[in-house]
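Me: I've got a fold open on my screen and I'd like to talk it through with you. Can we start with the core and work outwards?

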Amino acid sequence: MRLRRALPVAAVLPALLAISACSGESADSGENKPKASAKSTSGADAKEEAEAKRLGALDSKALEKVVLTGKAAGFDAKKIAKAEVEAGRNMEADNKTCQPLASLIGGFTHIKPVSAAHRSLQPVEATNATVGSMWLVSHSEENAVRVMKDLRAAVTACPKGFKTLGLTYGKVAGLTAPKLGDEAVAYRITGDIGKQKVPMTYTVVRSGGVIAAFYGVNMLDAKKSAIPEPVVKAQLEKIGSTKG
């Protein structure tokens, strides 16, 4: 199906469209970038593990064990290259009130998480035109609650959208959130990609200190752009497996 082949980058991180255009450089380019030594990497891992323990959060290794991987509920979840993930880390909205929305477009939360794990989501069935991505971010439960509160406020305060990295998101509309996890927020953002308006649907669910965010787009029918609830439920079940 042509549509699915035409949108691989947009389905992973919408921000990459702007970043690639501005930099003129491939996200996978490794030129002039020093490689981290094994010692510095292990030191960073130890620091993250200690921080996670202090806050009651999950470190990267623990988060990777619970993030969806492979086929689940009609979608295939695949790991995203680190360079592509990092490209969306510091998205800044021209309106600070809208920052929680801009950060999620980049694949992170506006409050820095302890750890994060990202996956692209491709439908198993060729007739399914919904593609997207998902990511887990781990916080202290206090910060996770604040992320959701700020996100909910941003959806209400930014109906006319915002700009970030040269892209315009012209409309933000709240949707009915699924009754899943400890709390959930759902909304649709319309992005202006060149001359095309692209409606993107986000479903964000909190389970304790872990926030699971799902991004979907369907160029044939915007009403079907949300990542289906069975996928969200499958992810929440895996997160729940870490709790006593």
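**Core, sheet and rings**

Me: Which residues have the most contacts inside the largest nonpolar core?

Reply: Keep in mind that this is a predicted model. Its largest nonpolar core has 33 residues. Those with the most contacts inside that core are Leu101, Phe162, Tyr187, Ile189, Tyr202 and Val204.

Me: And which element gives the most to this core?

Reply: Helix 7 (99-105), strand 4 (131-138), helix 8 (141-157), strand 6, strand 7, strand 8 (196-207) and strand 9 (210-217) each put in at least two residues. With six residues, the top contributor is helix 8.

Me: How many residues are in the other core that lies apart from it?

Reply: Val67, Ala117, Leu121 and Ala234 are among the members of that separate core. Its residue count is 23.

Me: Back to Tyr187: which residues of strand 8 (196-207) does it touch?

Reply: Leaving out residues up to four places away in sequence, Tyr187 has contacts that include Leu101, Leu104, Leu151 and Val155. Ala173, Gly174 and Leu175 are also on its list. Strand 8 spans 196-207, and the contacts of Tyr187 in that range are Met200, Thr201, Tyr202 and Val204.

Me: Now the sheet. In what order do the nine strands come?

Reply: They form an open sheet, with antiparallel pairing. Strand 1 (70-72) and strand 5 are the edge strands, each pairing on one side only. From one strand to the next, the twist averages 30°. The order reads 1-2-3-4-9-8-7-6-5.

Me: At the strand 1 edge, what is the bridge partner of Lys71 in strand 2?

Reply: Strand 1 and strand 2 (residues 75-79) run antiparallel and are joined by three bridges. In strand 2, Lys71 is matched with Asp76.

Me: Which helix packs on the sheet with its direction at about 160° to that of strand 9?

Reply: Helix 8 packs on the sheet too, touching strand 6, strand 7, strand 8 and strand 9, but its angle is about 50°, taken with strand 7. The other packing helix touches strand 1, strand 2, strand 4, strand 8 and strand 9. At about 160° to strand 9, that one is helix 9 (residues 229-240).

Me: At the other edge, which residue of strand 7 is the bridge partner of Thr168?

Reply: Three bridges join strand 5 (residues 162-164) to strand 6 (residues 167-175) in an antiparallel pair, and there Lys163 has Thr168 as its bridge partner. Strand 6 also pairs antiparallel with strand 7 (residues 183-193), over seven bridges. On that side, Thr168 is partnered by Asp192.

Me: Which residue in the hairpin of strand 5 and strand 6 takes a positive phi?

Reply: Two residues sit between the strands of this hairpin. The one in question is not a glycine, yet its phi is about 50°. At 40% relative accessibility it counts as partly exposed, and it is Leu165.

Me: Ala73 has a positive phi as well; is it buried, exposed or partly exposed?

Reply: Ala73 is found in the loop between strand 1 and strand 2, and its phi is about 55° although it is not a glycine. Its relative accessibility is 43%, so Ala73 counts as partly exposed.

Me: What about Ser140, buried or exposed?

Reply: Ser140 is in the loop between strand 4 and helix 8. Not counting residues up to four places away in sequence, it touches Leu55, Ala57 and Gly209. At 10% relative accessibility, Ser140 is buried.

Me: On to the rings. Is the pair of Phe162 and Tyr169 stacked or tilted?

Reply: The structure holds three aromatic pairs. In this one, where both residues are buried, the ring centres are 5.5 Å apart and the planes are at 25°. Stacking needs planes under 30 degrees apart, so the pair of Phe162 and Tyr169 is stacked.

Me: How many residues apart in sequence are the parts tied together by Tyr202 and Tyr215?

Reply: The rings have centres 5.3 Å apart and planes at 45°, so this pair is tilted. Tyr202 is buried at 0% relative accessibility, and Tyr215 is buried at 1%. Tyr202 lies in strand 8 and Tyr215 in strand 9, so the pair ties together parts whose separation in sequence is 13 residues.

Me: Which residue forms one aromatic cluster with Tyr202 and Tyr215?

Reply: It's one we met in the core, among the residues with the most contacts there. The cluster partner of Tyr202 and Tyr215 is Tyr187.

Technical notes:
Residues are numbered from 1 along each chain as its sequence is written. This is a predicted model: local features need pLDDT of at least 70, side-chain atom pairs count only at pLDDT 80 or more; totals for chains, interfaces and linings use all residues. Side-chain values use heavy atoms; hydrogens and water are left out. Two strands pair if DSSP finds at least two bridges between them. Helices (H or I, at least four residues) and strands (E, at least two) are DSSP runs, numbered from the N terminus. A nonpolar core is a set of buried Ala, Val, Leu, Ile, Met, Phe, Trp, Tyr and Cys residues joined through side-chain atoms within 4.5 Å. Buried means under 20% relative accessible area, exposed over 50%, partly exposed in between (1.4 Å probe, protein chains only). Contact means heavy atoms within 4.5 Å. Axes are lines fitted to C-alpha atoms, for helices over the stretch in contact, and angles run from 0 to 180 degrees between N-to-C directions. Rings of Phe, Tyr and Trp (its six-membered ring) pair if their centres lie within 6.5 Å; planes under 30 degrees apart count as stacked, over 60 as edge-to-face and the rest as tilted.
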